[in-house]
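Here are some notes to read alongside the sequence and the model. They take one sheet to begin with, and then turn to how two chains meet.

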Amino acid sequence: MADPRFYSLAGPFDLGRLAEIAGADLTAGTDAERVFHDVAPLATALPEHVSFLDNRRYRPEFENSRAGACVVDPELTGFAPEDMMLLISEDPYRTYALIARAFHPPRPPSPGVAPSATIDPTASMGAGCEVNAGAVVDPGAEVGARTVIGANAWVGPGVVVGEDCRIGANANLSHCLIGDRVTIHPGVCIGQPGFGFPPSAKGHLDVPQLGRVIVGDDVDIGAGTTIDRGAGPDTTIGAGCRIDNLVQIGHNVELGRGCVLVAQSGIAGSTKVGDFVMLGGQVGLAGHLRIGDGARVAGKSGVSKDIPPGATFSGYPAFPVREHWRQVATLAKLARRDRKGD
Amino acid sequence: MADPRFYSLAGPFDLGRLAEIAGADLTAGTDAERVFHDVAPLATALPEHVSFLDNRRYRPEFENSRAGACVVDPELTGFAPEDMMLLISEDPYRTYALIARAFHPPRPPSPGVAPSATIDPTASMGAGCEVNAGAVVDPGAEVGARTVIGANAWVGPGVVVGEDCRIGANANLSHCLIGDRVTIHPGVCIGQPGFGFPPSAKGHLDVPQLGRVIVGDDVDIGAGTTIDRGAGPDTTIGAGCRIDNLVQIGHNVELGRGCVLVAQSGIAGSTKVGDFVMLGGQVGLAGHLRIGDGARVAGKSGVSKDIPPGATFSGYPAFPVREHWRQVATLAKLARRDRKGD
Amino acid sequence: MADPRFYSLAGPFDLGRLAEIAGADLTAGTDAERVFHDVAPLATALPEHVSFLDNRRYRPEFENSRAGACVVDPELTGFAPEDMMLLISEDPYRTYALIARAFHPPRPPSPGVAPSATIDPTASMGAGCEVNAGAVVDPGAEVGARTVIGANAWVGPGVVVGEDCRIGANANLSHCLIGDRVTIHPGVCIGQPGFGFPPSAKGHLDVPQLGRVIVGDDVDIGAGTTIDRGAGPDTTIGAGCRIDNLVQIGHNVELGRGCVLVAQSGIAGSTKVGDFVMLGGQVGLAGHLRIGDGARVAGKSGVSKDIPPGATFSGYPAFPVREHWRQVATLAKLARRDRKGD
């Protein structure tokens with residue numbers, strides 16, 4: 001189903017093998033030997049495809065799907081078309097992910113250096129790296145084994161990149177140490193100086209920004225995102241973080257492990273964010289805050305105070321989420337009364 | 001008037017010809033043979049220039065302008081300086097656009113491939129393409145006739161670009177099919193994987209993103225904008241859309257025809273947007289919504305519910321625009337009372 | 001203390017020399033001949049380092065710091081550890097900046113043109129320029145003496161860049177005139193056409209954008225920021241402005257001198273901003289506004305009306321800051337009452 005111009009395809013696999021790969025249960029009586037050729041969305045899947053349902057909103061598409069098999073939550077099995085085979089899972093999205101990865105394993109690097117790439121003789125490149133056209137690796141940089149450097153990307157002087165990383169086209173890395181298995185998408189800018197100066201009517205005086213950006217293992221950084229280096233301390237991104245597109249991270253920010261930052265969110269300088277924190281799209285965190293482990297901030301909120309661990313905040317300025325929605329309801333009610341009173 | 005370092009100039013044209021090009025009316029007695037040499041803004045125009053007024057806010061500049069001729073709404077003709085010739089139009093901005101295009105037609109491509117560009121032998125290039133220095137066209141890509149590829153831009157494997165397109169410098173295209181006459185400005189990132197994973201404290205598991213980005217004809221995509229490819233379905237951008245700078249479009253989003261997305265707006269995954277929808281600057285749409293044809297959302301609004309066709313919404317969270325402004329007025333009044341009560 | 005892979009180090013300096021460089025006072029009896037080797041943050045500084053304290057929030061780190069010397073506000077001297085030497089300053093951040101610059105002076109350019117760079121024969125390059133790998137300088141461009149052009153950056157046709165500028169990797173310059181000592185960080189896009197067209201269901205008609213971007217001396221423009229060229233007038237950025245990452249500036253905008261725009265803020269077309277205006281992160285200014293000299297707008301505010309000189313505004317929509325916070329307090333109180341009444 002996936003466009004062969006862009007995606008190579010493994011398999012086919014029989015259903016029993018897919019259930020095993022994904023740790024899913026088959027309903028009793030299912031023909032575990034039936035063969036499947038790819039995954040596909042509910043709306044376009046054919047009998048040779050496996051699909052999934054993880055959002056009740058899409059139940060109508062499920063009920064009308066021609067997919068031969070589908071990963072589904074136990075509570076939704078009753079809505080399945082009669083001919084559909086079911087892979088039952090308490091976490092259908094995760095189960096689907098494992099099946100999709102079996103059909104579409106990540107492309108391995110194609111080792112070699114394009115003729116138009118520029119690698120400084122003092123840079124060190126690990127075995128099996130793929131360096132694409134126009135990429136530039138500057139003096140003293142160190143790139144780990146099997147890392148892919150995209151077209152026209154720039155790896156600045158002294159930068160360290162770990163093993164099995166993917167650096168996107170036109171990405172920019174300076175003053176940073178990048179862990180293993182990190183994916184950096186196109187157009188990312190990491191390591192430029194933070195925004196630091198004593199403002200003055202005589203002319204703003206730039207303060208040397210002398211720290212680095214330290215990115216942990218297994219981090220994913222979205223297209224066009226910018227991460228400034230520390231002013232003196234480092235800016236640190238914990239292992240396993242997922243950072244979406246066009247996110248801004250200021251100098252000295254510390255992100256814990258496994259944080260999720262949705263697109264266009266921003267974190268001002270020196271704010272410390274705990275582990276597994278989730279920021280919705282377009283959220284803004286002011287500088288010098290502490291955001292506790294597991295905290296969540298709803299999309300577009302503006303946070304100017306610390307958030308305790310595990311709390312969910314929302315609004316501008318941000319309040320605990322229930323309080324925010326009560327404020328919204330109260331104001332809507334008062335405004336309606338106001339109209340009637342006019 | 002336009003800086004000749006950057007703009008070439010056609011013409012001159014006499015006023016009659018310009019009125020004809022633009023479908024505008026001349027006031028009675030106007031000398032249709034008077035010759036004009038360029039367009040210029042009201043404040044700096046000279047007698048040899050044509051200017052325009054489409055915003056009452058700039059009436060003082062109109063009244064004092066030295067422009068030889070001006071495109072103007074019929075209702076504003078009374079404020080014109082005595083010597084100014086008038087091109088009367090119900091849509092002065094459009095009329096001006098046609099005249100400005102006559103003086104400054106788009107530069108045609110300069111066919112050829114720069115020596116430092118890299119075009120894979122398996123890529124197919126249409127006749128008359130212009131490929132600038134450092135640009136990279138990967139295996140299996142197809143580029144239509146007369147398309148211009150900017151310096152250091154990257155056209156990824158298998159990407160299809162139509163005819164008469166302009167791909168900006170340092171732009172990044174992967175996993176996408178681009179229509180004809182599409183303009184993509186510098187630094188744009190199209191086709192990177194969407195932000196999709198089942199979050200888990202054991203480590204976020206990335207779900208293969210197996211769709212594409214389909215961009216219709218006559219679309220314009222602003223600098224630094226990011227458009228993720230679909231997860232399984234495609235991300236689709238309808239014909240004639242105008243997307244400003246630093247906009248984020250998540251995976252599986254569908255934009256109808258002729259939508260206008262102002263800078264820094266963002267649309268989360270799987271939201272379906274109708275035809276001719278307008279989003280103001282910094283607007284955020286949550287995921288999985290439906291926005292009806294012709295809907296409008298005021299700048300900086302945060303939308304978390306569906307919007308019906310033709311409606312105008314505003315606020316965070318967004319309400320119908322009148323309701324939002326009533327809420328603003330009510331709260332301002334209550335806060336003032338509160339102060340007096342203290 | 002700064003990582004030698006990224007930062008070269010001048011000095012050492014004795015304390016008397018540092019006090020002189022920074023215009024700071026030593027406390028009576030201080031050994032002005034003691035030698036220091038670098039600056040460092042309070043938390044990690046050793047006895048051979050100079051640190052600074054400019055935010056009371058970090059007093060605990062100050063009290064426990066091992067720094068040999070520290071720049072500090074006169075009011076905070078009483079909290080210093082016994083052995084710490086003090087450099088007293090009414091503006092500790094500025095004083096620290098001067099000391100840090102002594103230890104870490106800006107790297108001078110390394111004159112020369114990388115073999116993979118492309119400089120058009122009709123472009124003019126000043127003496128001592130450094131042009132990095134893959135950079136492209138187009139026909140008719142003029143680049144001033146000692147300017148550094150980063151890897152894979154693009155300087156478009158006719159662009160003028162002043163002396164002692166730094167153009168970041170993968171930055172894009174077109175239709176612009178850049179002053180002296182301007183720093184442009186990676187991924188910046190300057191000079192693309194503004195977002196201008198009369199919307200129409202028959203197809204949006206693009207209006208030729210015939211102006212330029214004029215950037216004054218000593219401006220700093222953050223990574224990924226986009227600045228559109230004027231439609232007819234120019235877009236102008238006053239001398240000494242500091243623009244952070246991912247900021248959007250629309251066509252015809254005028255910024256006065258010394259403005260500070262924090263990350264992800266945006267200014268819509270034709271808005272005129274005075275001198276020394278400060279916009280917080282994610283602020284949005286609507287189009288055609290006038291923002292007075294010295295005005296300040298708090299982070300994430302949405303401004304749709306003019307702001308008088310010297311005023312501080314906040315909120316969405318933005319109000320004078322006190323009024324906004326009173327509204328926030330009033331609404332929180334009413335919502336709490338509402339709950340009790342339920």
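1. In this predicted model, chain A holds an open sheet of 12 strands with mixed pairing. The strand order is β8-β11-β14-β17-β20-β23-β26-β29-β32-β35-β37-β38. As general background, the strands of a sheet pair through backbone hydrogen bonds, in either a parallel or an antiparallel way.

2. The edges of this sheet are β8 (112–113) and β38 (319–320) of chain A, each of which pairs on one side only. For β8(A), the partner is β11 (residues 130–131) of chain A: the two run parallel and are joined by 2 bridges. Within this pairing, A:Val113 stands opposite A:Val131 of β11(A).

3. Now to the contact between chains. How many residues does each chain bring to it? Chain B contributes 67 residues and chain A contributes 62. The size of an interface is often expressed as the accessible area lost when the parts come together. Here chain B and chain A bury about 4,900 Å² between them, and 62% of that lies on carbon and sulfur atoms. Three residues, B:Phe195, B:Leu210 and B:Tyr316, supply 15% of the area that chain B buries against chain A, more than any other three residues.

4. Charged and polar pairs also cross this interface. There are 3 salt bridges between chain B and chain A. In one with B:Lys333 and A:Asp338 as partners, the closest N and O atoms are 2.8 Å apart. Polar contacts between the two chains amount to 29 residue pairs, counting those with both residues at pLDDT 80 or more.

5. Which elements of chain B supply at least two residues each to the side that touches chain A? They are β19 (176–178) and α4 (321–341) of chain B. The largest share, 7 residues, comes from α4(B). Sorted by residue type, the side of chain B that touches chain A has 29 nonpolar, 30 polar and 8 charged residues.

6. The last point is how the two copies are related. A turn of 120° with a shift of 0.0 Å along the axis lays chain B on chain A, with an RMSD of 0.0 Å. The copies are therefore related as by a three-fold rotation axis. Do they meet through the same surfaces or different ones? Only 15% of the interface residues of chain B are also interface residues in chain A, so the copies meet through different surfaces.

Conventions: Residues are numbered from 1 along each chain as its sequence is written. Chains are lettered from A and ligands numbered from 1 in the order in which they are written. This is a predicted model: local features need pLDDT of at least 70, side-chain atom pairs count only at pLDDT 80 or more; totals for chains, interfaces and linings use all residues. Side-chain values use heavy atoms; hydrogens and water are left out. Contact means heavy atoms within 4.5 Å. Buried area is the accessible area (1.4 Å probe) that two parts lose on being put together, summed over both. A salt bridge is a side-chain nitrogen of Lys or Arg within 4 Å of a carboxyl oxygen of Asp or Glu. A polar contact is a pair of N or O atoms within 3.5 Å; within protein, one must be able to donate a hydrogen and the other to accept it, and residues adjacent in sequence count only if both atoms are side-chain atoms. Helices (H or I, at least four residues) and strands (E, at least two) are DSSP runs, numbered from the N terminus. Ala, Val, Leu, Ile, Met, Phe, Trp, Tyr, Cys and Pro count as nonpolar, Asp, Glu, Lys and Arg as charged, and the others, Gly among them, as polar. Copies are superposed by least squares on the C-alpha atoms of residues with pLDDT of at least 70 in both. Two strands pair if DSSP finds at least two bridges between them.
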